[in-house]
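Notebook open, coffee poured. Today I'm looking up side-chain contacts and the surface, one item at a time.

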Amino acid sequence: PPPPPPPPPLAAPALPPPPHKSKSREMVSNTRVALLGACVAVCVMQARAATDGDQVAPFFGFMGAMSALVFSCMGAAYGTAKSGVGIASMGVMRPELVMKSIVPVVMAGVLGIYGLIIAVIISTNIHPVGYTLFQGYAHLASGLSCGLSGLAAGMAIGIVGDAGVRANAQQPKLFTGMILILIFAEALALYGLIVGIILSSSGAAGAAKPDSP
């Protein structure tokens, strides 16, 4: 008969982990707890700072000043270029009407001044300390209202000026109607300027008003 199989080897008893490994694990866990506590403390400090508006609010204020100037200048540039093309084309055949047809270019250039006024008002009211989110939002709305209104008015002035000066060269009676259309197009930017000044002043009033108990 075949010999019986050998008995299975006995498993070695589990040895306890060395003391230095347990200490290293405790140090790692303590380090993680300390890092978690530091992250929580930083988050709390950021939240407290955010309530004062010292971290994010100046960004909105400067964006409002930038929007007012950039969009208004974009409208002024488009209106000047579009009207200038019409004046140059018309001046080849009727050079005596060039100075009379320069009105659209002047009205388009005024749009940049509107944006400059609002940008200066906003930038002078931005302070590194005590600038709240209410002021930042007010200044952003002020800049966008003036800038986008100037952009729309510039596009209208450019299109009307280009077609108007060409038509005026063929029919002088259209000059008065062209001027009236340009005035109403310019009024759009004036509306944005008025609202921008009101919003900017409301932001300054909100900063001066003490907090209610």
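Before I place anything in a helix: helices here are DSSP runs of H or I with at least four residues, numbered from the N terminus. Also for the record, this is a predicted model.

**Entry 1: the aromatics**

I started with F59, which I find in helix α2. I then looked up ring pairs and got 2 aromatic pairs for the structure. In one of them, the rings of F59 and F60 have centres 5.6 Å apart and planes at 75°, so I note the pair as edge-to-face; the cut-off for that label is over 60 degrees.

The other pair joins F60 to Y137, with ring centres 5.1 Å apart and planes at 65°, so this pair is edge-to-face too. Which helices hold these two residues? F60 lies in helix α2 and Y137 in helix α4, so the pair ties together parts that are 77 residues apart in sequence.

Buried or exposed, I asked of F60. F60 is buried at 19% relative accessible area, since the cut-off for buried is under 20%. Y137 comes out as partly exposed, at 46% relative accessibility. I'm logging F59, F60 and Y137 as one aromatic cluster.

**Entry 2: the nonpolar patch**

F59 turned up again when I went over the surface. There I found a nonpolar patch formed by V56, F59, M63, M66, L69, V70, M74, L116 and V120. Together these residues have about 730 Å² of accessible area.

Where does the patch come from? I checked by helix: α2 and α3 (103-124) each supply at least two of its residues. The largest share is that of α2, with 6 residues.

**Entry 3: salt bridges**

How many salt bridges does the structure hold? I get 3.

I took K82 and D162 to begin with; their closest N and O atoms are 3.9 Å apart, and the cut-off is 4 Å. This pair links distant parts of the chain: K82 belongs to helix α2 (residues 57-91) and D162 to helix α4 (residues 133-170), 80 residues apart. On exposure, I have K82 as partly exposed at 31% relative accessible area, while D162 counts as buried at 11%.

D162 came up again, as its side chain also meets that of R166 in a salt bridge, at 2.9 Å from N to O. Why are these two about one helical turn apart? Because R166 and D162 are 4 residues apart in helix α4. R166 is partly exposed, with 36% relative accessible area. So I drew K82, D162 and R166 as a network of salt bridges, since D162 bonds to K82 at 3.9 Å and to R166 at 2.9 Å.

I then looked up R94 and E96, whose side chains form a salt bridge at 2.6 Å, N to O. Here R94 is partly exposed at 29% relative accessible area, whereas E96 counts as exposed at 51%, the cut-off for exposed being over 50%.

**Entry 4: a charge over a ring**

What sits over the ring of F175? I found the charged end of K100 there, 4.6 Å from the ring centre.

**Recap for myself**

Two groupings to come back to: the aromatic cluster of F59, F60 and Y137, and the salt-bridge network of K82, D162 and R166. Both include a pair between α2 and α4, namely F60 with Y137 and K82 with D162.

Terms used. Residues numbered from 1 in each chain as written. Predicted model: local features only at pLDDT ≥ 70, side-chain atom pairs only at ≥ 80, totals over all residues. Heavy atoms only, no water. Buried < 20%, exposed > 50% of the residue type's maximum accessible area, 1.4 Å probe, protein only. Patch = residues over 30% accessible without salt bridge, like charges linked within 9 Å, V, L, I, M, F, W, Y side chains within 5 Å. Areas by Shrake-Rupley, 256 points an atom, 1.4 Å probe, with all protein chains shown as cover. Phe/Tyr/Trp six-rings, centres within 6.5 Å; stacked < 30°, edge-to-face > 60°. Lys NZ or Arg CZ within 6 Å of the ring centre and 35° of its normal.
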